[in-house]
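Hi,

Here is the structure I promised to pass on. Have a look, and my notes follow below.

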Amino acid sequence: MATKKKNRLFMRTAILLVMVGAIAFTIYNGVIKEKNELLQVGDQAPDFALTDLNGDRHQLSDYKGQGVFVNFWGTWCKPCEKEFPLMDRQYQVYKDQGVQILAVNIAQSDYEVEQYAERKNLTFPIVIDKDKSVMQAYNIRPLPTTILVNPEGAIVKIITGEMSEEDIINYMELIKPS
């Protein structure tokens, strides 16, 4: 009889622990999800400051009044490699019209990124998100992802995946100051 009581107590305790664990996980997951809410069109773009390959600091809020093409990428990303020459060509056209590009590399070494940028002859600013804090703030998943920020600092479009040159032109026109 005592063995049955012990077994019952053991089962009840195990079930209680599983339920407490499930409730704790649900609460924790809810808090984390709220903390990293997905950004949506119309939201203010979270401000950030990162340093480029020349040691210059770029803060998103410093570009207020201009459209900003924030492109998240990695050197290993094949679609990124295909769109970079197209982006650079359009950067030459639009930079004097108030449209800037900030290419945000995700946590690679300065050396890797510098070598890549030199090989590709890229002229737009390239910054490195060393601790992935900007990637997390923007909840970036696939690369490439581009966030279009209008002159008022609001997100007007979120693009995941590779863009054609026609897409890039249309997007730059979309965020070009009036």
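How many disulfides does the count come to by the rule used here, a pair of cysteine sulfur atoms within 2.5 Å? The count comes to one: Cys-77 is joined to Cys-80, with S to S at 2.3 Å. The link of Cys-77 and Cys-80 is right-handed, with 80° about the S-S bond. Both Cys-77 and Cys-80 are buried (under 20% relative accessible area, 1.4 Å probe, protein chains only).

Before the rest, some housekeeping. This is a predicted model, where local features need pLDDT of at least 70 and side-chain atom pairs count only at pLDDT 80 or more, while totals for chains, interfaces and linings use all residues. Residues are numbered from 1 along each chain as its sequence is written, and side-chain values use heavy atoms, with hydrogens and water left out.

On to the core. The largest nonpolar core (buried Ala, Val, Leu, Ile, Met, Phe, Trp, Tyr and Cys residues joined through side-chain atoms within 4.5 Å) has 47 residues. Among those with the most contacts inside it are Phe-48, Phe-72 and Tyr-138. Leaving aside neighbours within four places in sequence, Tyr-138 is in contact (heavy atoms within 4.5 Å) with Phe-48 and Phe-72, and its other partners include Leu-39, Pro-46 and Ile-147.

Last, the largest pocket (an open set of points on a 1 Å grid over the protein atoms alone, where a 1.4 Å probe fits, with protein on both sides within 12 Å along at least five of seven lines; lining residues have an atom within 4 Å of a point). Its lining includes Asp-52, His-58, Glu-114 and Phe-124, and Phe-124 is also among the residues with the most contacts inside the core.

Cheers

Technical notes:
Buried < 20%, exposed > 50% of the residue type's maximum accessible area, 1.4 Å probe, protein only. Disulfide = S-S within 2.5 Å.
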